[in-house]
Amino acid sequence: MSNTQSRIPDVSELKEQAKRLRSGLNARQQPVSHSVALELLAAQYGYRDWNTLQAIADQPAPLPPCPYQIGSRVSGRYLGQAFQATILSVQTRAALNLFRVTLDLDEPVDVVQFDSFSALRKRITLNLRQDGTTNEKTSDGRPHMTLEAVP
């Protein structure tokens with residue numbers, strides 16, 4: 001039987017629920033083992049047994065569709081500097097809920113803010129969230145990159 005529940009708690013929460021179920025039954029003079037409580041819990045969620053429920057609970061939540069497509073044109077800001085670029089590659093990093101994106105910038109950006117020297121970058125690879133920003137931030141709290149729009 002398949003589950004109609006929209007969200008299954010993680011395994012540790014399911015085990016806590018089974019403990020509470022077992023305690024409640026024991027208090028009503030209906031003692032059950034922990035394994036029976038796990039099986040009863042699985043039935044409550046609509047699964048045939050604990051192993052099936054646990055397998056479902058262990059699955060990571062699916063990622064939303066990737067908003068970045070190879071060959072697409074994008075614009076934004078990298079380390080505070082405006083850029084336009086082409087997306088060269090995209091990899092899904094499901095465990096982190098991120099997308100690893102490589103950009104080829106139309107014009108190199110200087111990643112150093114000192115007058116005495118420069119370090120120009122034309123190709124950048126970084127991890128972007130669904131909203132087009134990086135988790136990494138500069139010292140003033142802004143994301144390293146923010147994709148603003150498709151030109």
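**Notebook: aromatic pairs and nonpolar cores**

I began with Phe 99, which counts as buried at 1% relative accessibility. I note here that the model I am reading is a predicted one.

I then looked up Tyr 68, and found that this residue is buried as well, with a relative accessible area of 6%.

Next I turned to the aromatic pairs, of which the structure holds 2. I found that Tyr 68 and Phe 99 form an edge-to-face pair, with 5.8 Å from centre to centre and 70° between the planes. Because Tyr 68 lies in the loop between helix 3 (50-58) and strand 1 while Phe 99 lies in strand 3, I wrote down that the pair ties together parts that are 31 residues apart in sequence.

For Phe 114 and Phe 117 I noted ring centres 5.9 Å apart and planes at 25°, so this pair is stacked, since planes under 30 degrees apart count as such. I checked their burial too: Phe 114 counts as exposed at 57% relative accessibility, and Phe 117 counts as partly exposed at 45%.

After that I looked at the largest nonpolar core, which has 16 residues, and saw that Phe 83, Leu 103 and Met 145 touch the most other members. Strand 1 (73-78), strand 2 (81-93), strand 3 (98-110), strand 4 (120-128) and strand 5 (145-149) each supply at least two residues of this core, and strand 3 gives the most, with 5 residues.

I also listed the contacts of Leu 103 beyond four places away in sequence, among them Val 74, Phe 83, Ile 87, Ile 124 and Met 145.

Last, I recorded a second, separate core of 15 residues, including Val 11, Ala 18, Ala 37 and Leu 38.

Methods
Residues are numbered from 1 along each chain as its sequence is written. This is a predicted model: local features need pLDDT of at least 70, side-chain atom pairs count only at pLDDT 80 or more; totals for chains, interfaces and linings use all residues. Side-chain values use heavy atoms; hydrogens and water are left out. A nonpolar core is a set of buried Ala, Val, Leu, Ile, Met, Phe, Trp, Tyr and Cys residues joined through side-chain atoms within 4.5 Å. Buried means under 20% relative accessible area, exposed over 50%, partly exposed in between (1.4 Å probe, protein chains only). Helices (H or I, at least four residues) and strands (E, at least two) are DSSP runs, numbered from the N terminus. Contact means heavy atoms within 4.5 Å. Rings of Phe, Tyr and Trp (its six-membered ring) pair if their centres lie within 6.5 Å; planes under 30 degrees apart count as stacked, over 60 as edge-to-face and the rest as tilted.
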